[in-house]
Amino acid sequence: MDAERVIEDDRRHVLHSWSAQAKISPVPIEWARGSTIADYDGNEWLDFASQLVNANLGHQHPDMVAAIKEQAERLCYIAPSFANDVRGKLARMIAERAPEGLDTVFFTNAGAEANENAIRMARLHTGRHKVLSAYRSYHGATSTAITATGDPRRWASEQSATGIVHFFGPYAYRSGVDEETECARALAHLEEVITLEGAHTVAAILMETVVGTNGVLIPPPGYLQGVRELCDRHGIVLIADEVMVGFGRLGEWFAVDLFGVTPDLITFAKGVNSGYVPLGGVILSDAIAAGFAEQPYPGGLTYSGHPLGCAAGIASIEIFEREGILERVRDLGERVVRPELERMAAAHPCIGEVRGRGLFFALELVRDRDTREQLVPFNAAGPDAAPMTELLGACKKRGVWPFTHFNRLHVAPPLVITEQELRTGLAAIDEALAVTDGYVRT
Ligand code: PLP
């Protein structure tokens, strides 16, 4: 098919997510391989966003493609009510890598459904209804998950679910205090929210272990332990949303491994098989799983534990181990990305803060380093967002496609990216930042 036909079909028949259809012109992609995507005109870009921070193993990894082909020839689909070799094996492999005491997996198609089901499990387990979730979070686009979301994508849909209360997680840069102070502030605030809501009414605290789309916010030391302690004290289920950060993004199987905290439920999707086939799920603590030993679990999906998705998940974990992915993420993050971004911060007045870990970093961009005024206002669109739109354009012109959101640029390339590609992409961003430097107040 030629590009014109691809565009024509798309424009006439595809409704794109989160967009005013008349105001977008999606780039037609002809091929993607490794860390590169390309259009029909021969333009290539380094995929510094791993698409939606899901293509952890990059594009068209031959061992992933082979595993899917092999499974397709053997068994494409069998209903969730049957026992199936790849479904069971992947569940075991995930449980073996999850924190101690989380041994059971409920498979979904993606992240939103994982959070929907985790919330359902927490409510059934506690007999309570309320769920506390953070402002500046994203948990998915289905009814309860979008209501739990703490960013503007919630606004149009939040009336569809009840019992969600938002709180402020830690964000030291915006609070303008050191991490220790911010940790204490955020914990005291959460405790007060629990008290005012009535601890006995709160089923769960749902939080991204490290906030992804809303800023690559790594919790300060002690914060997650403090949340765990509050949950224990009040019989609240702790749900860690690891849809974006699970499976290697931070150089660990699960981000909670960095903090030594064991949640009661972990939700995952994206990186579990890099999106080669849609797959997500919830990992349950033994205590919560035990609740469904005699009582039926009142939830299900036609494609729960789809064999093609599970075969891709098994192949992915095997590739991670064979290729030493977790080790290389840690190495590239600390040896290449962090020093390069810090060097950029010293050179570009538009960079307010560099933060991140592994292959997941954010540059928070400002108009004024002293006041920390954001480069563009919260939720800016159209002309208000021009500095960010121009920055993204300048990056693309230089052959790199990063993720941008509000006043931030995120660096989240595939975990298989070569060091050379990584350095090339970072150099392109470095050059492109001249555009946003132009908006700094002098
Ligand atoms: N949770 C987090 C932290 C996410 O980043 C996302 C997607 O970006 C989701 C949940 C929703 O996942 P999905 O789009 O697969 O439903």
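This is a guided tour of the structure above, stop by stop, with something to select at each one.

**Before you start**

The model is predicted, so local features are described where pLDDT is at least 70 and side-chain atom pairs count only at pLDDT 80 or more, while totals for chains, interfaces and linings use all residues. Residues are numbered from 1 along each chain as its sequence is written, and side-chain values use heavy atoms, with hydrogens and water left out. Helices (H or I, at least four residues) and strands (E, at least two) are DSSP runs numbered from the N terminus.

**Stop 1: the ligand**

Select the ligand and show the residues near it, meaning those with a heavy atom within 4 Å of it. You should find Ala 110, Gly 111, Ala 112, Asn 115, Tyr 138, His 139, Gly 140, Glu 208, Asp 241, Val 243, Met 244 and Lys 270 around the ligand. Now colour helix α5, residues 111–126: this helix gives the most to the shell, with 3 residues.

Next, look for polar contacts, which here are pairs of N or O atoms within 3.5 Å; within protein, one atom must be able to donate a hydrogen and the other to accept it, and residues adjacent in sequence count only if both atoms are side-chain atoms. Three of them involve the protein backbone:

- Gly 111: a polar backbone atom is 2.9 Å from an oxygen atom of the ligand.
- Ala 112: a backbone N or O atom lies 2.7 Å from an oxygen atom of the ligand.
- Tyr 138: a polar backbone atom is 3.3 Å from a nitrogen atom of the ligand.

Of the 390 Å² of accessible area that the ligand has on its own, the protein covers 82%. Accessible areas come from the Shrake-Rupley method with a 1.4 Å probe, and for residues only the protein chains shown count as cover.

**Stop 2: helix α13**

Select residues 386–397. With 12 residues at 1.5 Å each, helix α13 should span 16 Å, and its end C-alpha atoms are indeed 16 Å apart; the expected span is 1.5 Å times one less than the number of residues.

Which residues of α13 are buried? They are Pro 387, Met 388, Leu 391, Leu 392, Ala 394 and Cys 395. Viewed down the helix axis, these buried residues fall within an arc of 160°, so they line one face of α13; the arc is that of the directions from the axis to the C-beta atoms. Buried means under 20% relative accessible area, exposed over 50%, and partly exposed in between, using a 1.4 Å probe and protein chains only. Turn the helix over and you will meet the exposed residues Thr 389 and Lys 397 on the face turned away from the buried side.

To see what covers the buried residues, show β12 (360–368), β14 (400–401), β15 (403–405), β16 (408–411) and α14 (419–437), which are among the elements doing so. After α13 comes Gly 399, with a positive phi near 90°.

**Stop 3: Phe 406 and Phe 247**

Go to the loop between β15 and β16 and select Phe 406. Although Phe 406 is not a glycine, its phi is positive, at about 50°. Its relative accessible area is 17%, so Phe 406 is buried.

Then move to Phe 247, in the loop between β8 (237–241) and β9 (265–268). Phe 247 is also a residue other than glycine with a positive phi, here near 60°, and its 2% relative accessibility makes it buried.

**Stop 4: Val 337**

Select Val 337 in helix α12, residues 325–347. Its relative accessible area is 0%, so Val 337 is buried. Leaving aside neighbours within four places in sequence, Val 337 is in contact (heavy atoms within 4.5 Å) with Leu 332, Leu 359, Phe 361, Val 411, Leu 422 and Leu 426. Try a C-alpha to C-alpha distance to Val 411: the two are 74 residues apart along the chain but separated by 8.6 Å.

**Stop 5: Ser 316 and Val 277**

Helix α11, residues 307–322, holds Ser 316, which is buried at a relative accessible area of 1%. Beyond its neighbours within four places in sequence, Ser 316 is in contact with Leu 57, Met 64, Gly 271, Val 272 and Asn 273.

Finish at Val 277, in the loop between β9 and β10 (280–285). Setting aside neighbours within four places in sequence, its contacts are Ile 68, Leu 308, Gly 309 and Ala 312.
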